[in-house]
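Here is a quick tour of a protein chain, written to be read with the structure open beside you. Have a look around first, then read on.

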Amino acid sequence: MFVQDAAGGSDALRFTAVARCGAETPLLLGLFAAFSASEGIRKDTGIISWVHWPSTVTIEGKRVASTSAAVTKSSGSTWTALDFQVNLLHNELAGSTSLYDELGVEVDRTLLLDKILESLSWMHFGWSTGTHPHILRRVTSMTETLGSKVSVQKAGRRASGSAVEIDSLGGLVVRLDGGRMMRLTVGDELLSQL
């Protein structure tokens with residue numbers, strides 16, 4: 001794994017981590033990245049943050065970080081590029097916050113980066129050595145979406161229900177109000193958490 005473009009001197013910590021991967025979906029990898037950002041924030045600052053499916057980190061319902069994942073194949077290997085953005089300084093966007101807004105002081109971006117990468121390295125090592133169920137349990141334990149009433153949109157149709165689990169591909173499984181199960185994946189929307 002290597003890291004590039006760790007930006008300094010801005011209102012956010014932005015960086016990309018690139019690693020070899022297997023058959024994991026971009027959705028699952030983005031979720032792992034969000035978990036690593038959340039865990040890094042917790043370890044560096046002591047602030048309780050949560051993963052909001054699929055790739056956002058929140059503090060008390062406000063977005064503090066976001067991640068994304070892209071998978072490419074090159075020379076017989078599969079690689080993922082995980083993009084991270086953590087709001088460091090005051091943020092006035094509706095529904096957002098920053099670590100400064102929460103702590104009242106600036107955080108050391110190098111220490112925060114180290115904590116996020118430490119978590120990501122553990123996730124990568126665990127997944128590559130086959131501890132899939134344990135890793136998914138850790139991710140789901142920090143996902144605020146699970147157990148909540150949600151409003152969703154899939155294939156242009158809106159529905160509501162309860163988020164019940166994250167499957168092995170990173171999809172969010174929702175038990176609709178009528179009892180039927182729906183799986184959200186790339187392109188589907190979690191409109192709101194009720």
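What follows goes from the whole chain to one helix and then to two single residues.

## The chain as a whole

Keep in mind that this is a predicted model. The protein chain is built from four helices and eleven strands. How compact is it for its 194 residues? The radius of gyration comes out at 17 Å, close to the 16 Å from the globule rule, so the chain is as compact as a globular protein of that length. If you'd like a feel for the dimensions, the C-alpha trace spans about 50 × 45 × 30 Å along its principal axes.

Contacts in the chain often bridge long stretches of sequence: taking those between residues at least 6 apart, 55% join residues at least 24 apart.

## Surface and charge

Of the 194 residues, 44% count as buried. The accessible surface adds up to about 9,500 Å², and carbon and sulfur atoms account for 51% of that.

As for charge, you'll find 18 positive side chains and 20 negative ones. The centres of those two sets sit 9 Å apart.

## Helix α1

Helix α1 takes in residues 26-45. Does its length in space fall short of what 20 residues should give, or agree with it? At 1.5 Å a residue the helix should span 28 Å, and its end C-alpha atoms are 28 Å apart, so the two agree.

This helix is mostly covered, with 16 of its 20 residues buried. Just after α1 comes G46, which has a positive phi, near 85°.

## K43, a residue on α1

K43 belongs to helix α1. Is K43 buried or exposed? Neither, quite: its relative accessible area is 46%, so K43 counts as partly exposed.

Setting aside residues up to four places away in sequence, K43 touches K115 and E118. S119 is 76 residues from K43 along the chain, yet their C-alpha atoms are separated by 9.5 Å.

## S77, a residue on β6

Over in strand β6, which covers residues 77-87, you'll find S77. Its relative accessibility is 17%, and buried means under 20%, so S77 counts as buried.

Which residues does S77 contact beyond its neighbours within four places in sequence? Those partners are R20 and T72. V105 is another story: S77 and V105 are 28 residues apart in sequence, and their C-alpha atoms are 43 Å apart in space.

Conventions. Residues are numbered from 1 along each chain as its sequence is written. This is a predicted model: local features need pLDDT of at least 70, side-chain atom pairs count only at pLDDT 80 or more; totals for chains, interfaces and linings use all residues. Side-chain values use heavy atoms; hydrogens and water are left out. Helices (H or I, at least four residues) and strands (E, at least two) are DSSP runs, numbered from the N terminus. The radius of gyration is taken over C-alpha atoms; the globule rule is 2.2 Å times the number of residues to the power 0.38. Buried means under 20% relative accessible area, exposed over 50%, partly exposed in between (1.4 Å probe, protein chains only). Contact means heavy atoms within 4.5 Å. Accessible areas come from the Shrake-Rupley method with a 1.4 Å probe; for residues, only the protein chains shown count as cover. Lys and Arg count as positive and Asp and Glu as negative; His and the chain ends are not counted. The place of a charge is taken as NZ of Lys, CZ of Arg, CG of Asp or CD of Glu. The expected span of a helix is 1.5 Å times one less than its number of residues.
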